[in-house]
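This report walks through one protein chain, element by element. Please keep the sequence and the 3D view open while reading.

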Amino acid sequence: MSMANHLSTALSDGDAKGVRRVATGLLIGLTLVFLATYAVDEPSTSVLLIRAMAEAGMIGAIADWFAVEALFRRPLGLPIPHTALLPRNKDRAANNIARFIDEFFLAPDQIVDRVRAMRPAERTAHWLSRPENAQMIATELTGVAGTVVASVVHQGLSARLKARIGLALAGALNTDDLAPRLANVLREALKTDFTVEAIRTLSNTIDTNRSGLIRVAQEKSRWWIAGSVDRRIVTLLLNAVIELLDRIAEPESDLGRDFRRTTEGVVTRLERDGTLSLLMRDLLHAPSDGQAASAAIGEAMEDVLEGVLKRLEDDPDATARLIGQAIQSAATDLSRNPVHLAYLDAQLSRSLVPALSTLRPSIATYIAQTIKEWDSELLVDRIEREVGRDLQFIRINGAVLGALVGGAIFGVTQGFLH
C-alpha cells in the first residue's frame, strides 16, 4: 500500500491516536527530506525549493505541536511558562464551562422555544395511545399505588390527617357555587332514568324480602285472624304493589309516561322557584359535629383504601389492564384534540420559565463542582478524547501550510514570480 493510502486510512479512522501518529510521521518525514537535501553536493534550484518547503513545514509542525501540547501538559516535560494550561487552570476552566453552558444552553427563552417546537403534549399523547406503552405505564402505576395504599392501610390514617381531610371537605362544601351545581345534578338525575332505576330497585327489594314482610304483617295482625289469611292478604298486596311499580318503570306503559311527565313537571317547578338550590344550600350549611364528621370521613376513607388494596392484591393484572385501557383511551382522545394539545404545551412552556430560573444556578454549580473534583489527568484524558483528533489536524495543517508558505517565499526570493 502506498504512503498516500496509509495516510488516508489513518485519517479516516477517526482515532485521535491514529491522527497523532500521522501528524508526528509528517513532521519526521519533513525532517528527513530536509536533511536529505544536504546530501546533494551541488543542489539544483528544485532541490533548494524542496529544502525550503521542508524547512518551513518543519517549523510549522513543531510550532503547532508545541501549541497543542501546551494545552494539556508541559512539552517534553520542560518547565516552560504558560504550558499545561488546562491542568494548571482547572478551577477557572470549570467555572468558565459552567458559565458558558448556563448562558448559552440554559436560557429560558431558548429552551421554551425548543420545547414548544417539539410539541411534547402531542408526542406524549401519541406514545401513550399505543397499547403496549399505556400498559407499561399502568403496570408501574399499579405497583406504586399498591405500595402506597398498603403503607397507608397498615399504618392507619392519623387523627391529624383525618382532621385536615374534614376541613378540606368542609371548605369545599361551603363554596357558594356548589349548591346550584348539586341542584343541577339532582335535576338531571330526576329527569333521566335515575328514577326508573330507583323504582325497579324498590320493586326488586320488596320481592326479595317478601317472606320477611309477611312475617311482620302476621306479628302485627289480630290474634283472631288466621295466619293463612294474613299471608294470603299480604301476598296479594305485595303482588299488586310490585306489579304497579313494574308498570311505572316500564317506559311504554301509560303509568310510566304519566309518572315521568309528573316527575318532570315537579322538578321543573322546583327548579323555577329555586327550591332545589335552597334545599341543597340548607343541607350543605347544616350544623354538624366537626369531630364526628372527621371520624366518619376517616372511617369511610379507610374502608375505601382497604377495598382498593384488596383489589390490587387479589388481581393486580386486571387492575393494571383497566388503568392501561383508561390511559390509552384518554391519550387517544387527547391526540385528536389540537386545542387541548396546544393548551398543555402552553402550560408546560409557562411552567418551564420559573423552574429554569430556580434550577439554573444549581445546574451551573453542579457542572463546575464536578469538573473541579476530577483529577487533572482524568480531565486531560476526557477532553483529549473529545477534541484531540481535531487538535492533531491542526498539527497536520500547520506542517502543510508551512511547506506551502516556505515554497512561496523561496519562489519570490528566487524571482520565480517575476
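## Helix α5 and its exposed end

F104 sits in helix α5, which covers residues 90-104. The model is a predicted one. The relative accessibility of F104 is 41%, so this residue counts as partly exposed. F104 also belongs to a nonpolar surface patch, together with F100 and F105. The accessible area of these three residues adds up to about 320 Å².

The length of α5 can be checked. With 15 residues at 1.5 Å a residue, α5 should span 21 Å. The C-alpha atoms at its ends are 21 Å apart, so the expected and modelled spans agree.

## The buried face of α5

Which residues of α5 are buried? They are K90, A93, A94, A98 and D102. Viewed down the axis of α5, these buried residues fall within an arc of 165°, so they line one face of the helix.

The buried residues of α5 have three helices as packing partners. These are α4 (85-88), α18 (338-373) and α19 (376-413).

## Salt bridges

Five salt bridges turn up in a search of the whole structure. One of them joins R20 to E69, with 3.5 Å between the closest N and O atoms. R20 is in helix α2 (residues 16-36) and E69 is in helix α3 (residues 45-72), so this pair ties together parts that are 49 residues apart in sequence. The two partners differ in exposure. R20 has 27% relative accessibility and counts as partly exposed. E69 has a relative accessible area of 9%, so E69 is buried.

E69 has another partner. R73 forms a salt bridge with E69 as well, and here the closest N and O atoms are 3.3 Å apart. R73 counts as partly exposed, at 28% relative accessibility. R20, E69 and R73 are thus linked in a network of salt bridges.

A further salt bridge pairs E122 with R119. Its closest N and O atoms are 2.8 Å apart. E122 is partly exposed, with a relative accessible area of 26%. R119 is also partly exposed, and its relative accessible area is 44%.

## Contacts of T319

T319 lies in helix α17, residues 316-335. Is T319 buried or exposed? Its relative accessible area is 12%, and the cut-off for buried is under 20%. T319 is therefore buried.

What does T319 touch, once neighbours within four places in sequence are left aside? It is in contact with T142, R311 and L312.

## Pairs far apart in sequence

R116 is part of helix α6, which runs over residues 108-118. R116 has a relative accessible area of 43% and is partly exposed. Its C-alpha atom lies 9.3 Å from that of A342, although the two residues are 226 apart in sequence.

P338 gives another such pair. P338 is in helix α18. With 57% relative accessibility, P338 counts as exposed, because the cut-off for that class is over 50%. Along the chain, 217 residues separate P338 from A121. In space, their C-alpha atoms are separated by 9.8 Å.

## The chain as a whole

The protein chain has 19 helices and zero strands. It has 418 residues, and 28% of them count as buried. The accessible surface of the chain is about 27,600 Å². Carbon and sulfur atoms account for 61% of that surface.

The contact pattern can be put as a percentage. Take the contacts between residues at least 6 apart in sequence. Of these, 71% join residues at least 24 apart.

Key:
Residues numbered from 1 in each chain as written. Predicted model: local features only at pLDDT ≥ 70, side-chain atom pairs only at ≥ 80, totals over all residues. Heavy atoms only, no water. Patch = residues over 30% accessible without salt bridge, like charges linked within 9 Å, V, L, I, M, F, W, Y side chains within 5 Å. Areas by Shrake-Rupley, 256 points an atom, 1.4 Å probe, with all protein chains shown as cover. Salt bridge = Lys/Arg side-chain N within 4 Å of Asp/Glu carboxyl O. Helix = DSSP H or I, 4+ residues; strand = E, 2+ residues; numbered from the N terminus. Buried < 20%, exposed > 50% of the residue type's maximum accessible area, 1.4 Å probe, protein only. Expected span 1.5 Å × (residues − 1). Arc of directions from axis to C-beta. Contact = heavy atoms within 4.5 Å.
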